[in-house]
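Welcome! Grab a pencil and work through two short exercises with the structure open beside you.

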Amino acid sequence: MSSCPALPDGFDLTDPDLYRHRVPLPEFARLRRSAPVAWIPQPHGLAGFDDDGYWAVTRHADVREVSTRPEVFSSALNTSVIRFHPSIKREQIDAQRLMMLNMDPPEHTRVRRIVQRGFTPRSVRALGAALRERAGAIVTAAREHGSGDFVTDIACELPLQAIAELIGIPQEDRARIFDWSNKMISYDDPELAVTEETGTLSAAELIGYAMNLAADRARHPARDIVSQLVAAEDEGNLGSDEFGFFVLMLAVAGNETTRNAISHGMHAFLTHPEQWELYRSERPATTAEEIVRWATPVVSFQRTATRDTELGGVAIAAGRRVGLFYASANHDPEVFDAPDAFDITRDPNPHLGFGGGGPHFCLGKSLAVLEIDLIFGAIADTAPGIRLAGQPRRLRSAWLNGIKELRVTYA
């Protein structure tokens, strides 16, 4: 198949070097207009798969359709990660099917039914008071330094502490979780000097840590979510390996994504000062949803066609990979008025930053919204004069819209 005429020859929407500098919003706009389901060729095996490219899906409606048809568009066949290192072995890809993100129904249904015990509205509300106190302490500690890196001072802390609180990881271990998750998603960024082997080892260490925690709770149940997930007698439970991969998923899906939403949200406020003044004075309830739409921390995931099918009038053969570009869907003018405007009063806001619906809609959405609300509330209360002290330094990643450093002055 030839290159998409809407893009320059060789332009790949999953190129990690691209995201080191920007999200390709102009290219997404061209694709939505002229080729909303477009073939993107790649050198054979470039993404770690035995193929020569993928279909890029850029319209909001089409991303939603693929997301809600798991029987046709599988998460398990090639996982949800759209680009691995070319040297990855097939058995390494297949091993990731133990992660809920890379399962299809009915197995996904079984595991999700178990793990959602930890994300009930009651469970999240129960975290509220503790997380509010933690958010205030995090911002107060950062402000006392006068200036610093917003990512490490503030953005990473509350998501890590929330996960630790939720599943019973001792708070003193959160730095280890941060280090492991950073290395897992940073192997594409040479500046961080993290090799693919280091990332793989970090994932194994995190899984091992979680499996040990699960084994301990299975023997000695406590009143925490880990015990609910691994020691339940009548409602089904997770095996220790399943729990290990669940924690691995939380470390990325619940930590890296919320951290980057907060980082992008702060940068958006600091470059749209009128929105920061509006937030400080009125605290709109719609703020967190617009921050997630604006940030879209996961630029893309993928599915694989289980059979010959059609999408948007385009024939897709069985076995072909399909890239869901959430960042494009969240800027679709067919759905959003002035999609390139950061507007914390936007309502309605049917963004796909938590997924396009269907079985993989984000399990932790309510927790992420709570964390974003709490941390920006604490910043507005404690460090309202926060100012930008440098341009954000972006992560080199094929699928994550990451900020690795954001220098600010707190007072």
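Here come the exercises, each with a worked solution.

This is a predicted model, where local features need pLDDT of at least 70, side-chain atom pairs count only at pLDDT 80 or more, and totals for chains, interfaces and linings use all residues. Residues are numbered from 1 along each chain as its sequence is written, and side-chain values use heavy atoms, with hydrogens and water left out.

**Exercise 1.** Find out whether the residues of strand S5 (residues 300-305) are buried or exposed, and which strands pair with S5.

*Solution.*
Step 1. Strands are DSSP runs of E, at least two residues long, numbered from the N terminus.
Step 2. Check the cover: 6 of the 6 residues of S5 are buried (under 20% relative accessible area, 1.4 Å probe, protein chains only).
Step 3. Split S5 by face. In a regular strand, side chains alternate between the two faces of the sheet. Here Ser300, Gln302 and Thr304 lie on one side, with Phe301, Arg303 and Ala305 on the other, and both sides are covered.
Step 4. Look for partners; two strands pair if DSSP finds at least two bridges between them. S5 runs antiparallel to S3 (residues 73-74), joined by 2 bridges, and Phe73 has Ala305 as its bridge partner. With S8 (residues 321-325), S5 pairs in the antiparallel sense over 5 bridges, and Gln302 stands opposite Gly323.

**Exercise 2.** Describe the lining of the second largest pocket by class.

*Solution.*
Step 1. Sort the residues: the lining has 8 nonpolar (Ala, Val, Leu, Ile, Met, Phe, Trp, Tyr, Cys and Pro), 3 charged (Asp, Glu, Lys and Arg) and 8 polar residues (the others, Gly among them).
Step 2. Recall the terms: a pocket is an open set of points on a 1 Å grid over the protein atoms alone, where a 1.4 Å probe fits, with protein on both sides within 12 Å along at least five of seven lines, and lining residues have an atom within 4 Å of a point.

Note on methods:
Buried < 20%, exposed > 50% of the residue type's maximum accessible area, 1.4 Å probe, protein only. Helix = DSSP H or I, 4+ residues; strand = E, 2+ residues; numbered from the N terminus.
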